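Work through the exercises below with the sequence and model open. Try each task before you read its solution.

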Amino acid sequence: MFRSATTKLTLVYLTIIMAISLFFSANLYQLSMRELNAGLERQATAYNAAPRLRDILHDLGVGDEVEQQLNLGRRRVIANLVYINVIILGLGTAISYIMARRSLRPIEDTMERQNRFTADASHELRTPLTAMQSEIEVALRDPKLSKAEARELLESNLEEVQRLEGLSSALLKLARNGEALELKPVGLEEVINKATERLAKAAKQQRVKLKVDTKPLRVQADRDSLAEVLVILLDNAIKYSPAGKIVEIRVYAQGKQAVITVKDDGPGIAAQDLPYIFERFYRADTSRSRTEAEGHGLGLSIAQKIMEQHHGTIAVDSTVNTGSTFTLKLPLGA
Ligand code: ADP
């Protein structure tokens, strides 16, 4: 599809270049011919004004030579213009192709990302559906299905439905993140309390301790969205940390910015995965994140988008077997 678009755009650019070149060539030709004709006329006037001189020159064969010279000049102008236009055609084709590729590349990249996203989303949606379908089919084929087995099946299906529910709400958040947020002065303590409250139960279940060291700073933010970023970071820190570990949240001011760090002593992230963890659907390929910890690889990309909407940044510093620190920075508010 993009090959034919490149060819079409190349032709459009080339047509424009050649139209300009031919326009100037035609003008140049006319100008040169006018000059040549003017020369010819001057010669003719001289002949007519001095008939004797013309006869003498004619006898000497000079008049023919002048005409021959003029014809030669005309042919040379045409040859030069053809030569220049052929060069412009060659160079123009190359330049048009490069310009067409450049113009189309961003569109091509966006479409590729879109296709990858659709494929990943479909895959994530299909996995729980396939699991549910095969469980239900097996159960239906069993004429002696006990009540306990049926209950087990329903529980397992409920888990898959919850997974699907989580995925669809994450996809909705990603879609909604294109909208502009209304930023207002918000107290960071309030935002952090909101996030830690939401994760207190999960931390207890994982036997992970949440330690908060906050300051009464105010930022320009959308309270719920900023709390969502912290929930994503804390949720990851808790789910990837082994039992008994501590997850630390710190808040401090740095120049005109507020800094929030979420630090864990979990498994850390391998250097080769670090550049990709903010991409949609990316999950570091460790046995831990694949099997034990639930997720779709959308949390950090949602967090990054929300931080962009706050004119802030999100960064990570992580070492395998030591832990990870995620750092949020956003402008301090009034
Ligand atoms: P999810 O956690 O749902 O897989 P995220 O986008 O939140 O998706 O995270 C992407 C990946 O980054 C995770 O799959 C995991 O491999 C890695 N990751 C994120 N946070 C941490 C953390 N605190 N410790 C270790 N790995 C992490």
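**Ground rules and a first pair**

Arginine 250 counts as partly exposed because its relative accessibility is 36%. Buried means under 20% relative accessible area, exposed over 50%, and partly exposed in between, with a 1.4 Å probe and protein chains only. This is a predicted model, in which local features need pLDDT of at least 70, side-chain atom pairs count only at pLDDT 80 or more, and totals for chains, interfaces and linings use all residues. Residues are numbered from 1 along each chain as its sequence is written, and side-chain values use heavy atoms, with hydrogens and water left out.

**Exercise 1. Salt bridges between strands**

Task: Find the partners of arginine 250 and lysine 211 in salt bridges, and place each pair in the chain.

Solution.
- Step 1. Fix the criterion: a side-chain nitrogen of Lys or Arg within 4 Å of a carboxyl oxygen of Asp or Glu. Side chains of opposite charge can pair when their charged atoms come close.
- Step 2. Arginine 250 pairs with aspartate 213, and their closest N and O atoms are 3.9 Å apart. This pair links distant parts of the chain, with aspartate 213 in strand β2 and arginine 250 in strand β4, 37 residues apart. Strands (E, at least two residues) and helices (H or I, at least four) are DSSP runs, numbered from the N terminus.
- Step 3. Aspartate 213 is partly exposed, at 38% relative accessibility.
- Step 4. Lysine 211 pairs with glutamate 248, with 4.0 Å between the closest N and O atoms. Lysine 211 lies in β2 (residues 209-213) and glutamate 248 in β4 (residues 246-254), so the bridge ties together parts 37 residues apart in sequence.
- Step 5. Check exposure. Lysine 211 is partly exposed, at 42%. Glutamate 248 is partly exposed too, at 24%.

**Exercise 2. Aspartate 265**

Task: Which residue forms a salt bridge with aspartate 265, and which residues touch aspartate 265, not counting those up to four places away in sequence?

Solution.
- Step 1. Locate aspartate 265: the loop between β5 (257-264) and α7 (287-292). Its relative accessible area is 28%, so it is partly exposed.
- Step 2. The salt-bridge partner is lysine 263, with the closest N and O atoms 3.5 Å apart. Lysine 263 is partly exposed, at 36%.
- Step 3. List contacts (heavy atoms within 4.5 Å). Beyond four places in sequence, aspartate 265 touches Ser241, Pro242, Lys245, Ile246, Thr322 and Gly323.
- Step 4. Take one distance. From aspartate 265 to proline 242, C-alpha to C-alpha, is 8.3 Å, across 23 residues of sequence.

**Exercise 3. Helix α3**

Task: Is asparagine 85 buried or exposed, and what does asparagine 85 touch beyond four places in sequence?

Solution.
- Step 1. Asparagine 85 is in helix α3, which spans residues 62-141.
- Step 2. Its relative accessibility is 10%, so asparagine 85 is buried.
- Step 3. The contacts of asparagine 85 are Met18, Ser21, Leu22 and Ser25.
- Step 4. Compare isoleucine 87, also placed in α3. Isoleucine 87 is partly exposed, at 40%.
- Step 5. Isoleucine 87 belongs to a nonpolar surface patch of about 580 Å², with Tyr83, Ile84, Leu91, Ile95 and Met99. Patches use residues with over 30% relative accessible area and no salt bridge; like charges are joined within 9 Å, and nonpolar side chains (Val, Leu, Ile, Met, Phe, Trp, Tyr) within 5 Å.

**Exercise 4. Helix α8 and positive phi**

Task: Which residues of helix α8 are buried, and where do histidine 311 and phenylalanine 281 lie?

Solution.
- Step 1. Helix α8 covers residues 299-309, and its buried residues are Leu300, Ser301, Ile302, Ala303, Ile306, Met307 and Gln309.
- Step 2. Their cover includes α4 (147-176), α6 (223-240), β6 (313-319) and β7 (323-331).
- Step 3. Histidine 311 follows α8, with a positive phi near 60 degrees. It sits in the loop between α8 and β6 and is exposed, at 61%.
- Step 4. Phenylalanine 281 is not a glycine either, yet its phi is positive, about 70 degrees. Phenylalanine 281 lies in the loop between β5 and α7 and is buried, at 11%.

Definitions and conventions
Accessible areas come from the Shrake-Rupley method with a 1.4 Å probe; for residues, only the protein chains shown count as cover.
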